[in-house]
Amino acid sequence: MTVSFAPSSRIEPAVAAPVAAPEPMRRRSRRKAARTVGFHTASILISLAWFAPILLVVVTSFRTFDDVSTNGIASLPHSFSIDTYVQAWNQGGMFQATVNSLIVTIPTVILTLLLASAVAFGLSRFRIPFRRTILLIMLAGNLLPVQMLLIPVTRITQQIGIYDTLGALIVVQTAFGLGFYTFVLYGFMRTVPGELQEAATLDGAGPLRIFVQVILPLTRPALAALGALSFTWIFNDLLWSITLLQTSSRLPITAAVLSLQGQYVSSWSVIAAATVIAAIPSTIVFLLFQRSFVGGLSLGAMK
Amino acid sequence: MTTTALPRGRRRVGFPPPVVFVLVLVPFLIEAVGVFWPAIQGISLSFLRWNGIAPAESAGVQNYIDLASDPVFGTALRNTVIWIVLFGGISFLAGLGVALLFQSERRGVGIYRTALFLPIVFSLVVTSLIWSAFFQPSGVLNTALEGFGLGDLTRVWLGDSDTALYAVIVAALWREIGYVMVLFIAGLKGIDPAIMEAARVDGATAWQRFRHITFPQLRSVNLVVLSVLVIDSLRSFDIVWAMTRGGPYHSTELLSTYMFSTAFESRSLGYASAIAVVIFVLALAVIISYLVRALSEEKES
């Protein structure tokens with residue numbers, strides 16, 4: 001599992017190496033070797049330090065309650081058990097919570113991508129009046145601190161009767177995410193040459209056809225990147241879930257794990273198992289879309 | 001952006017047909033109704049005294065006056081500043097550092113990068129639980145300290161008001177540094193290697209190359225990273241809520257957590273709205289500079 005960054009292969013300027021290396025050259029190569037060893041030593045240490053907390057939790061999740069409580073989390077495991085997972089999955093309601101999270105996440109990602117690409121298409125391919133203003137307003141919406149919206153949105157969802165439903169989360173997350181998606185997709189669609197659109201128009205294609213059959217396929221890399229990224233964002237969200245939901249059987253996975261922490265306060269292995277379960281879906285998406293995911297992180301930021 | 005190899009030619013075709021207006025306006029209205037209308041309401045709520053049940057009373061600027069003398073608000077504001085400086089500052093420096101270390105494609109570098117940004121994939125709730133295990137009384141940190149004969153230093157890291165905030169920051173950093181690294185690597189890839197090679201030929205040392213070429217060339221990336229970090233700092237909520245709920249004794253309280261507990265636990269909705277407005281005002285500088293930048297880029301092209 002490695003990640004390479006898109007425009008990776010920057011070829012080092014080849015230094016013509018003489019057949020018989022003279023003395024200074026050999027000294028230089030020795031220094032280079034030492035530097036390589038240093039680089040890898042430092043990198044391995046950093047990577048291990050980064051990976052260690054994950055390993056700790058994964059290992060803890062497979063230990064029994066008695067083992068952790070007598071020997072401490074920081075000890076080497078003396079036991080192996082998957083009861084912790086059974087317990088988290090059944091009694092902790094992790095199954096229901098995972099389903100809830102997916103019910104919110106998948107439609108939200110699809111809806112936001114669809115709506116944002118529609119605006120981005122209109123703004124980037126046509127002379128819409130106030131084009132720039134619309135774009136900036138949408139971007140500004142994304143930069144607003146979410147705290148400003150919590151109370152009014154709660155009130156609105158109560159008034160229209162969708163408070164405490166997963167639908168409310170879908171609507172709110174979609175509206176809130178639109179600005180950023182639009183901004184990124186707009187930047188991307190602008191680079192599609194106008195000739196393609198002209199050709200399609202001459203062939204008698206209307207705007208909708210151009211959108212679906214010409215522009216969307218060409219925007220696929222950006223759509224994949226945004227989709228993968230926002231899957232993890234929405235799946236991992238806590239704030240909106242605990243604001244808009246009350247019924248415990250409707251809680252998404254983040255909120256469920258958190259309430260599990262209060263419930264199983266002494267059983268670290270069950271909490272660890274729930275933590276691992278909560279991390280699995282985004283990890284799978286990350287593994288499937290590695291390249292897009294990493295590229296997506298800098299989308300919109302680097303232009 | 002490196003995402004496409006298509007040429008930049010972009011001629012727009014004629015006046016848009018009605019269907020295009022629909023495509024633009026529907027999402028725009030959704031965002032206006034879902035984001036801007038509530039945001040405006042949020043501002044007006046901050047001038048009310050309201051518990052969500054009884055009729056709201058007008059409070060004028062009383063909520064803001066009360067904020068000024070509220071010690072918890074003071075703590076939350078101070079902690080938010082500490083958060084921006086420490087979390088933001090260390091993420092920036094460490095992110096830049098690892099980006100420089102891992103910028104060139106060489107054997108193994110993909111694995112190292114993955115290790116560093118794998119945490120981005122996890123939720124902040126997951127992050128907080130992972131690190132809570134680390135900071136437990138019998139957790140890794142205390143065990144290690146005892147192992148090194150530093151038993152006097154052990155403590156209940158998350159339960160001690162002197163250390164809780166910093167313990168939470170460590171967890172937040174673990175997740176953020178990889179993200180900042182990705183931004184910087186993307187920026188470093190954008191630097192023309194010819195400049196660097198020329199400097200190398202001229203005999204510039206590594207530090208000189210960094211100081212006079214790399215860093216200045218990263219100027220626009222730096223701005224993006226700093227803006228992202230400030231906005232992320234002001235938004236930070238999940239990790240604090242999951243690790244400490246702002247405690248003990250408000251020692252990890254941020255503006256965002258204080259706003260949340262004021263709104264949904266104390267049910268002082270007007271007062272909480274005033275805190276939200278303060279967060280907004282703090283974010284405003286970043287928002288404006290972002291928009292100015294986006295606007296100027298729009299004009300350029």
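Here is a short tour of some local features in chains A and B. The structure is a predicted model. Among the points to look at are a nonpolar surface patch that includes A:Phe95, a buried threonine, A:Thr254, and a cis peptide bond between B:Gly247 and B:Pro248.

**A nonpolar patch on chain A**

- Four residues, A:Trp89, A:Phe95, A:Val99 and A:Ile103, make a nonpolar surface patch of about 340 Å².
- Helix 4 of chain A, which covers residues 94-125, gives the most to this patch, with three residues.
- A:Phe95 is a good place to start looking, as this patch residue lies in helix 4 of chain A.
- With a relative accessible area of 46%, A:Phe95 is partly exposed, because that value falls between the 20% and 50% cut-offs.

**A buried threonine and its contacts**

- A:Thr254 belongs to helix 12 of chain A, which spans residues 253-263.
- The relative accessible area of A:Thr254 is 1%, so this residue is buried, the cut-off being under 20%.
- Leaving out residues up to four places away in sequence, A:Thr254 touches A:Phe235, A:Asn236, A:Asp237, A:Leu238 and A:Ser241 in chain A, and also B:Ser123 and B:Val125 in chain B.

**Backbone features in loops**

- In chain A, the loop between helix 4 and helix 5 (131-143) holds A:Phe130.
- The phi angle of A:Phe130 is near 60°, a positive value in a residue that is not glycine.
- A:Phe130 counts as exposed, at 65% relative accessibility.
- Turning to chain B, you will find B:Pro248 in the loop between helix 11 (238-243) and helix 12 (255-264).
- The peptide bond joining B:Gly247 and B:Pro248 is cis, with omega about -10°.
- B:His250 is also found in the loop between helix 11 and helix 12 of chain B.
- Although B:His250 is not a glycine, its phi is positive, at about 65°.
- B:His250 counts as partly exposed, with 34% relative accessibility.

**A buried valine in chain B**

- B:Val278 lies in helix 13 of chain B, which runs over residues 269-300.
- At 19% relative accessibility, B:Val278 counts as buried, because the cut-off is under 20%.
- Not counting neighbours within four places in sequence, B:Val278 is in contact with B:Leu67, B:Phe73 and B:Leu255.
- B:Val278 and B:Tyr64 are 214 residues apart along the chain, and their C-alpha atoms are separated by 9.1 Å.

Terms used
Residues numbered from 1 in each chain as written. Chains lettered and ligands numbered in written order. Predicted model: local features only at pLDDT ≥ 70, side-chain atom pairs only at ≥ 80, totals over all residues. Heavy atoms only, no water. Patch = residues over 30% accessible without salt bridge, like charges linked within 9 Å, V, L, I, M, F, W, Y side chains within 5 Å. Areas by Shrake-Rupley, 256 points an atom, 1.4 Å probe, with all protein chains shown as cover. Salt bridge = Lys/Arg side-chain N within 4 Å of Asp/Glu carboxyl O. Helix = DSSP H or I, 4+ residues; strand = E, 2+ residues; numbered from the N terminus. Buried < 20%, exposed > 50% of the residue type's maximum accessible area, 1.4 Å probe, protein only. Contact = heavy atoms within 4.5 Å.
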